[in-house]
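Hi,

Here is the model I said I would pass on. Have a look at it first, and then read my notes underneath.

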Amino acid sequence: MREGVANTGKIAAVDDVDCVQMGPLDLSASLGYLWDLGNKRVREALREAEKKVLESRNDGVESRAYLAGFTTTFDGARDLRSRGYHMVSGTVDIGLFPSAAAEDVIAFKTSVSESEEEEEKEVDKKYWSE
């Protein structure tokens, strides 16, 4: 990832690259600070990459890539926008998976509960109708 940060400006200058999206969790992991998005080295690397993308846009060429990224507890949408981001994602897959799994469990439990209740009603109906 360090090599990617070092070459971010070159990546942003490639024809047909529309945006360079920063992955703060991936960056933190590759730098040895998994989940530590507030770590000084992680934030410095992110700022370096941001700067290189933005500098590539200022070279007078219309087709350069935009800066894109994810909100975090340390960087909200307004923070990213103020630093020059044009595309901001409000959530990431790592945050969506646990939520989706929890929703599935709740839906399953609800459907099982409803099925059991229906079965009990059927048994009650049969008992009282005999």
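Below is what I found, going from the overall layout to the core, the spaces inside and a few single residues.

Please keep in mind that this is a predicted model.

**Overall layout**

The chain has 130 residues, and 25% of them are buried. You will find 6 helices and 3 strands, and from the N terminus on they come in the order α-α-β-α-α-β-α-β-α. If you take the contacts between residues at least 6 apart in sequence, 53% of them link residues at least 24 apart. As for the surface, about 9200 Å² is accessible, and carbon and sulfur atoms account for 54% of that.

**The core**

The largest nonpolar core holds 15 residues, and those touching the most other members are Val 20, Met 22, Leu 27, Val 53 and Tyr 85. Helix H4 supplies the largest share of this core, with 5 residues. In soluble globular proteins, nonpolar side chains tend to be buried together.

Met 22 is a good place to centre your view. What does Met 22 contact once its neighbours within four places in sequence are left aside? The list is Thr 8, Leu 46, Ala 49, Glu 50, Val 53, Leu 67, Ala 68, Gly 69, Phe 70 and Tyr 85. Two of the residues named for the core, Val 53 and Tyr 85, are thus among the contacts of Met 22.

**The cavity**

How many cavities of 30 Å³ or more does a search of the whole structure find? The search gives 1, and the space in the largest cavity is about 90 Å³. Both H4 and strand S2 (66–70) give two or more residues to its lining, and the largest share, 3 residues, is from H4. There are 13 lining residues, and the ones nearest the centre of the cavity are Pro 24, Leu 46, Phe 70, Thr 72 and Asp 75. Sorted by class, the cavity lining has 9 nonpolar, 2 polar and 2 charged residues. Leu 46 and Phe 70, which lie by the cavity centre, also turn up among the contacts of Met 22.

**A pocket**

The second largest pocket has about 180 Å³ of space. Helix H1 (2–6), helix H2 (8–12), strand S1 (19–21) and helix H4 (40–57) each give two or more residues to its lining. Its lining residues are Met 1, Gly 4, Val 5, Thr 8, Ile 11, Val 20, Gln 21, Met 22, Gly 23, Leu 27, Leu 46 and Ala 49. None of these is charged: the lining has 8 nonpolar and 4 polar residues. Val 20, Met 22 and Leu 27 line this pocket and are also named among the best-connected members of the core, those that touch the most others. Leu 46 is a lining residue of the pocket as well as of the cavity.

**Single residues to look at**

Arg 83 sits in the loop between helix H5 (77–82) and strand S3 (87–89). Is Arg 83 buried or exposed? Its relative accessibility is 18%, so Arg 83 counts as buried, the cut-off being under 20%. Beyond its neighbours within four places in sequence, Arg 83 is in contact with Leu 46, Arg 47, Glu 50, Leu 54, Leu 67 and Asp 75. Glu 50 and Leu 67 are contacts of Arg 83 and of Met 22 too.

Tyr 33 is in the loop between helix H3 (24–30) and H4. With 22% relative accessibility, Tyr 33 counts as partly exposed. Once its neighbours within four places in sequence are set aside, Ser 28, Asn 39, Arg 41 and Val 42 are the contacts of Tyr 33.

Trp 35 is also found in the loop between H3 and H4. Trp 35 has a relative accessibility of 55% and therefore counts as exposed. Check its backbone as well: phi of Trp 35 is positive, about 70 degrees, although Trp 35 is not a glycine.

Asp 16 is another residue other than glycine with a positive phi, near 70 degrees. You will find Asp 16 in the loop between H2 and S1, where its relative accessibility of 75% makes Asp 16 count as exposed.

Cheers

Definitions and conventions: Residues are numbered from 1 along each chain as its sequence is written. This is a predicted model: local features need pLDDT of at least 70, side-chain atom pairs count only at pLDDT 80 or more; totals for chains, interfaces and linings use all residues. Side-chain values use heavy atoms; hydrogens and water are left out. On a 1 Å grid over the protein atoms alone, a cavity is a set of points where a 1.4 Å probe fits but cannot get out, and a pocket is an open set with protein on both sides within 12 Å along at least five of seven lines; lining residues have an atom within 4 Å of a point. Grid points are joined across faces, edges and corners, and a volume is the space filled by probe spheres set on the points. Helices (H or I, at least four residues) and strands (E, at least two) are DSSP runs, numbered from the N terminus. Ala, Val, Leu, Ile, Met, Phe, Trp, Tyr, Cys and Pro count as nonpolar, Asp, Glu, Lys and Arg as charged, and the others, Gly among them, as polar. Buried means under 20% relative accessible area, exposed over 50%, partly exposed in between (1.4 Å probe, protein chains only). Contact means heavy atoms within 4.5 Å. A nonpolar core is a set of buried Ala, Val, Leu, Ile, Met, Phe, Trp, Tyr and Cys residues joined through side-chain atoms within 4.5 Å. Accessible areas come from the Shrake-Rupley method with a 1.4 Å probe; for residues, only the protein chains shown count as cover.
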